[in-house]
Amino acid sequence: MKKEEFIFCPLGGSGEIGMNMNLYAYGNQENRKWIIVDIGVTFADDTIPGVDLIYADPGFIVDKKEDLIGLVLTHAHEDHIGAIAHIWPKLLCNIYATPFTSVLIKEKFKEKKIDIEDKLKIVELNGKIQLGPFNIEFVTLTHSILEPNGLSIQTSSGTVLHTGDWKCDPNPLIGEKINEKKLKQIGDQGVLAMICDSTNVFNSGRSGSELDVRNSLLKIMINKQKRIIITSFASNVARMESVFYCAKKIGRQISLVGRSMHRIYKAAKQCGYLNNLTEPVDARKAKNISREKIVYLCTGNQGEPNGAMMRISNGIHPDVFIEPGDTVIFSSKIIPGNEKKLYGLHNLLVKNNIEVISEENEFVHVSGHPNREDLKDMYNWVKPKSIIPVHGEYRHMSEHINFARKMQIPYPVKVENGDMVQLFPGEKPKVFDKAPVGRIYVDGNISVGEESQSIKDRKNLSYNGFLEITIIINNNGSMTKKPIISFRGIPNNDENSNFVSDMEDQIRKICKTFSLNNSNQEYNLIEALKTNCRKIVKEKTGKRPYTNINLVRI
Ligand SMILES: [Zn+2]
Ligand SMILES: [Zn+2]
């Protein structure tokens, strides 16, 4: 008999905040079953032109899909579900999620024209599922979205608690409170390891409550005379409900602006949340309401170029206007990396005499992740033998290890994407192997690897410009007319404008040294043209353009 092993392996989300994808395996070497927990995306920055989304390379688990018995989702944030419709077609396994998450992933499959009905298994809140050797219990936590779940993953060799994203919110306003009782029960039965959110490990105290934000928003809004525009994360349904609540309290109507705001509102309603609210007014009709009597809640809180907030601020939104004296409340986090575009948006507004309120000058936002006091509570409830920090950059995860040591956790284990951790057997969990990992870029409609030529080409084009030369060769083997030269993105002024005529001369010279109707010489001819023409452009302009040579024989 081979020994049973319990294994954890993150493919994404450990060493970065985003694209969470985690694997658990149980069994011996001949018969080992796998599950995936979460399957998210991360957002690309300007260094990858034309790409918005990135997800973890699923190759390692795709190779084991015969032994893959389910994909379990903790909650509906994009960094946990965003890649599902991209990766699932390679896996074809059952999917397990609570109702609100299920509604949102169904939309993703619908967009890709995939019928997921038979494969999607809806799990009730605090429900249990049995997947092969894994007995999985969903534990309701609190976070910044509806239905955040921790997972107690029990096997015959022990239990791990996979927290997913969470914080301790004593008044989440919508949805249940954190299931402290269940967490304690799980802790009392013994927990091999807790795989835990590290996002806010540098922050002391508690991350705070949605109720406190609501109260603060009301105090701010009550004193505003003109139009109030609030922008927040659409997925934060409690915040959305708070804005409805505050609008009603101050005698204003509310209008939702932006596709994802409507999408989340509908999904929440469909799952039985947001009842007893006054109906929002269609933005097209809200135009007719005086600006003292309306609150807009819109998308684009990070200054996204196409987000509603940016379009409103630029005066190009068809339905929502903004004027001097109005107030914009950014009820959201200023995400590191987004400061530049976000401050650009703040500047634009302030310049136009519009008041900007953000987490920098008022209490208008709380994080959805655990600060140190929240972490302490969870540690005390669950009392794990080992902590494996995830959902963080290296600096967060490393600090989380320090924190766990201070909290007397016997065996904190540092991991990064691809590390295979043996949770059982053994006195303590240890990294014993490495799975292949990588990043996949969603480029247009196509998923490509990090080394993709399409992205390399675009980077090259964006820095260096493009040069194309077409030479027409007649059947006597000589060049007809002038070569056709076209270029894009190469700086051109009077001083260097002769680079085109210099190139024409050079092309003629080179063509004379080759026998043009000898196709064996074609490769060398093209290379010679490419090298020499790029050299001329480099000398004249300082640019080395991406160069394409066409030979046309007539
Ligand atoms: Zn997350
Ligand atoms: Zn989350």
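**Getting started**

The chain of this predicted model holds 16 helices and 28 strands. Here are some exercises to help you find your way around.

**Exercise 1. Describe the chain as a whole: what are its spans along the principal axes, and what share of its residues is buried?**

Step 1. Begin with the C-alpha trace, which spans about 90 × 75 × 45 Å along its principal axes.
Step 2. Turn to burial: of the 554 residues, 44% count as buried.
Step 3. Finish with the contacts. Among those with a separation of 6 or more, 71% are between residues 24 or more positions apart.

**Exercise 2. Find the domains of the chain, then describe the contact of domain 1 with domain 2.**

Step 1. Mark the bounds. Domain 1 is made of two segments, 5-205 and 367-449, while domain 2 covers 210-357 and domain 3 covers 465-553.
Step 2. Take the centres of domain 1 and domain 2 over C-alpha atoms; they are 31 Å apart.
Step 3. Look at who takes part in the contact: 16 residues come from domain 1 and 17 residues from domain 2.
Step 4. Sort the domain 1 side by class, which gives 10 nonpolar, four polar and two charged residues.

**Exercise 3. Work out the strand order of the open five-stranded sheet with parallel pairing, and find the helix α8 that packs on it.**

Step 1. Read across the sheet: the order is β16-β17-β15-β18-β19.
Step 2. Identify the edges. β16 (253-257) and β19 (355-357) each pair on one side only.
Step 3. Follow the twist, which averages 20° from one strand to the next.
Step 4. Zoom in on one pair. Strand β18 (residues 327-330) joins β19 in the parallel sense through three bridges, and here T327 stands opposite E355.
Step 5. Add the helix: α8 packs on the sheet and touches β16 and β17 (294-298). The direction of α8 makes about 110° with that of β16.

**Exercise 4. Trace the pairings of strand β6 with β5 and with β24.**

Step 1. As background, strands of a sheet pair through backbone hydrogen bonds, either parallel or antiparallel.
Step 2. Start with β5 (residues 41-43), which runs antiparallel to β6 (residues 51-56) and is joined to it by three bridges. In this pair, V41 stands opposite Y55.
Step 3. Go on to β24 (residues 439-443). It pairs with β6 in the antiparallel sense too, over five bridges, and D443 of β24 is the bridge partner of V51.

**Exercise 5. Locate M19 and L274, two residues other than glycine with positive phi, and decide for each: buried or partly exposed?**

Step 1. Find M19 in the loop between β2 (14-15) and β3 (21-27). Its phi is near 40°.
Step 2. Count the neighbours of M19. There are 27 C-beta neighbours inside 10 Å, so M19 is buried, the cut-off being 20 or more.
Step 3. Move to L274, which sits in the loop between α8 (259-270) and α9 (283-286). L274 has a phi of about 60°.
Step 4. Count again: 19 other C-beta atoms lie within 10 Å, so L274 is partly exposed.

**Exercise 6. Find where P425 lies and describe the peptide bond that leads to it from F424.**

Step 1. Look in the loop between β22 (419-424) and β23 (430-434), where P425 lies.
Step 2. Check the bond from F424 to P425: it is cis, with omega near -5°.

Note on methods: Residues are numbered from 1 along each chain as its sequence is written. Chains are lettered from A and ligands numbered from 1 in the order in which they are written. This is a predicted model: local features need pLDDT of at least 70, side-chain atom pairs count only at pLDDT 80 or more; totals for chains, interfaces and linings use all residues. Two strands pair if DSSP finds at least two bridges between them. Helices (H or I, at least four residues) and strands (E, at least two) are DSSP runs, numbered from the N terminus. A residue is buried if 20 or more other C-beta atoms lie within 10 Å of its own, exposed if 12 or fewer, and partly exposed in between; C-beta atoms are placed from the backbone. Axes are lines fitted to C-alpha atoms, for helices over the stretch in contact, and angles run from 0 to 180 degrees between N-to-C directions. Two residues are in contact if their C-beta atoms, placed from the backbone, lie within 7 Å. Domain bounds come from an automatic or database domain assignment. Ala, Val, Leu, Ile, Met, Phe, Trp, Tyr, Cys and Pro count as nonpolar, Asp, Glu, Lys and Arg as charged, and the others, Gly among them, as polar.
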